[in-house]
Every structure is written in structure tokens, then in C-alpha cells.
Amino acid sequence: LGGSIAGQCSSTTSATRCLNAKGFLPQLLMRLGFPASFEPEDNFAIAGANSSQMLDVGGQVDQIVASATSSPIERMFISMGTNDPGNGLTYAQTISNLAAIFRRLRDAGIIPVYTCVLPRGNDGAITTAKRTNMAVNSWAHEFAAANSWLEVIDCGVYLANGANAFGNILTAHADGSFLHPNDTGAELMAVAMEEYYVQRGLGRLWRPLTQRGDVYHATNNPWGVCFEGASPFLTGTGGALAGGATGQVPDGHTGTAGTWSKGSITLPNGATRDTAIVAVGNSATHHLYDDATATGAWAAEGPLPGDRIYAAARVRLLNTASVTQFKLTLAESDGATTATAECGNQDSTTPGKLNVGATAKEFWLVTPTLTVRPYSGGGNCSMYARMQITTGASAAGTMEVLEMVMRKRPTVS
């Protein structure tokens, strides 16, 4: 819910569904183990919207309340207030609107989460608008203290330029307007949000891959891993190498670029699980890939039109430098055209930070869902998942894939 800062959490075209790296919510979910589903259609934000417009009849709040009756919403993340001063709304109008929005959501059974108004600009003045924004944030914290059903997280804590008193955003963390966070800024917003939820006792939530036999079976395990010749535990070394890659990759998979090797993790029971590690090279696109293919249309025992599919991966980065892209891609072909869904896709003009030091950092990525389409009548139906890390010059570090799966999503009420 909100304006462009919330809006940039996701994007869609006729053929793509993306959870964007410049969005604070995808970045948060990737750090918390994706404790909830988030699809592009769950994003109601409209660029340029002010708080009064959000409350208008038929506006964002009405749309959300109506949507929640058929598709329950646990939390609504709200980025708003930035556009109010420029549209002539006073401090009193803004906080009145915020209170009304918070209560409308609460009455609909939704937990409102307010991310506060971010620092802005790169000028040398402390303007009325900036002062108003800070006053709104202070009011929101007091409102939350008096109303425990509201969650308030000041996501600007790591974005503010502390070198001056002008309320500016750090330029390295913003786009050219010095208003919207770039990929790095969204990561830092997510860090603040992660700290908030961990302190409140929300631990990592992730559907772990527990059994090597968790493989798709149309009748008895329709939600199993649906790679062709699936090797869910990343076992073996018989995979293929492409794009100048060297080393070894798990059975059934393809490793592109860099130097691949087998790794392992030790479980609390003392057993070990295989992983796939790539030591990255300079200016290269490295990915681990696996797929499922048909001859013509999908057979009766395979995915069928109408099935909803997604990809998920658990990945560890270590000592990385010069990372320009880090994302999980799911693709589905009807034999003629390809639809894609991505989690973590970055804006190459403002690459994310993701330069992890000697302490490994884990990320959990889940793509939006795609619906298997009817056979086009030409070519072969297929689907694949691909975990990718792309680097620029002076690259360093490793990406370790601990899990990568592609599954059908059950329909639940």
C-alpha cells in the first residue's frame, strides 16, 4: 500500500512477473525465509499517490479490504506520506488519514505495518516538507505505542545522511531523484525490518527439503520437486558444464561459468547434505540450472494446464565482491512462448550491495507463481529454475546453493 516506493517492490509485463531487488518487501522476505506469500497482484501501490487518494472511494484501501474477503491478508506493508507535502496536505491531514487507514485495515483483520517516511533529497536545506515527514514518523511511533495492533518500523534508519542536518538520503542508496531507494537502499530497509521482526521473535520460516525422495508423482506426491530426473539433495557429480565453467555440478543440473565444486552442510543429527558451490569469475553470469521438458504437450503424468508452479532456493554468499545480479528465475514454455517469474532481480544501473564478508549470509528466494498454459500446438513444453549470480570486474567470493526446487503450489483455503 502506498506510492512509488512501495510500488517498486514488484513489476509485471505480459510475459514476466518479478519481485524486485529495489523493493523492501522482497528483500525482507529473502532474509526471513519467505514466511508469507507475496505475489505481484498483492501490491496495490500507485506511484505518486498521497494519503487522501489512498482513502478515496474505490482507492487503494477499498481495493485491499475487498480483496481480503476472498484472499486473506495477514499484513499490509505501508509506505506513505512522502507525497503528501507536495500535494498540499498538512501534517494534521496526513496523520488523520494515516490513523483512518490503520483502523480500516485493522477492522478488516489485517495487521498494518508502517515503514515511515524515508529521508529524501540531496540539497542543503531542512525544508518544511522534511520537518513534516519527521513529525509524522514521531506521531506514528506514539500511535503504535498506544495501539499494539500497529507495527511501525523506521526503515530510514540506515538510509539517512548523518553528515549533515538536512534530512537527506545517502546518495549511494537512492536513485537519481534522491527519493526512491535503489537496490542497496532496499536492502538496508530490509535489514532494519529484519532486526525488528527478529527482536519480536519471528524466526526464520522456510519449507525445508527434508527427504531425497521428495520427487513429483502425479498421484501420490503432486507437490514434489518436479525437475526431470530430480536430484533434490544436489547429489552426484554428473551434471553438465557450460559457458566456460569448470569443476563438478550435481546430477541432472547444469553449471554455467566459474569454478563449480561439491560442498556439504552438517545437520544436527550428524548427517551431511550435498551443496553446489561456484567460485565466481570476473564479468560473468554464473547459474545453476535444472528443468523438466516434454515432447510436444505435457503428458498426463506431468504438469498440466492450470497447474500453478513456483521455484525456491536457499543460497549462501561468502566473501563476495562486484555482484551485479543475484536472482532466482522460473520459466514456463507452452511450446511457442516463454513466461518468466523472478525473485531478487536487480536494476543493473544501481546494483545491490550483496558484498558479503567472511561471515556467510544466507538468502531464501521464492518466485511468484506461474500458471502452466495450454499447449501452443508447436514446439515442446518445458519449465526450468535457474539460480544466478552475475559479476562485474574485480569479482570475488562464492555462491553456495543449499537447495533449489521447482514445485506445483497446492490450493489451500
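**Close-up 1. Helix 6 in this predicted model, spanning residues 128–146.** Follow the 19 residues of helix 6 from the first C-alpha to the last and you cover 27 Å, close to the 27 Å expected at 1.5 Å a residue. Buried along this helix are Lys-130, Thr-132, Asn-133, Val-136, Asn-137, Trp-139, Ala-140, Phe-143 and Ala-144. Look around these buried residues for their cover, which includes helix 5, strand 4 (111–114) and strand 5 (151–152).

**Close-up 2. Helix 4 (residues 60–68) beside helix 5 (residues 91–107).** Here the two axes come within 10 Å and cross at roughly 10°. Angles under 35 degrees count as roughly parallel, so helix 4 is roughly parallel to helix 5. Helix 4 brings Val-61, Asp-62, Ile-64 and Val-65 to the contact, and helix 5 brings Ile-101, Arg-104 and Leu-105. By type, five of these contact residues are nonpolar and two are charged, with no polar ones.

**Close-up 3. The largest nonpolar core, with 77 residues.** Good places to start are Phe-24, Leu-317, Phe-326, Leu-365, Met-387, Met-399 and Met-404, the residues that touch the most other members. Strand 12 (residues 308–333) is the top contributor to this core, giving 11 residues. Elsewhere, a second, separate core has 28 residues, among them Ala-49, Ile-73, Ala-99 and Leu-150.

**Close-up 4. The surroundings of Phe-24.** Setting aside neighbours within four places in sequence, you will find Phe-24 in contact with Ile-5, Ala-6 and Cys-9. Its other contacts are Phe-77, Ser-79, Thr-115, Ala-186, Met-189, Ala-190 and Met-193.

Conventions:
Residues numbered from 1 in each chain as written. Predicted model: local features only at pLDDT ≥ 70, side-chain atom pairs only at ≥ 80, totals over all residues. Heavy atoms only, no water. Core = buried A, V, L, I, M, F, W, Y, C linked by side-chain atoms within 4.5 Å. Buried < 20%, exposed > 50% of the residue type's maximum accessible area, 1.4 Å probe, protein only. Helix = DSSP H or I, 4+ residues; strand = E, 2+ residues; numbered from the N terminus. Contact = heavy atoms within 4.5 Å. Axes fitted to C-alpha atoms, helices over the stretch in contact; angles between N-to-C directions. Parallel < 35°, antiparallel > 145°, perpendicular 65-115°, else oblique. Nonpolar A, V, L, I, M, F, W, Y, C, P; charged D, E, K, R; others polar. Expected span 1.5 Å × (residues − 1).
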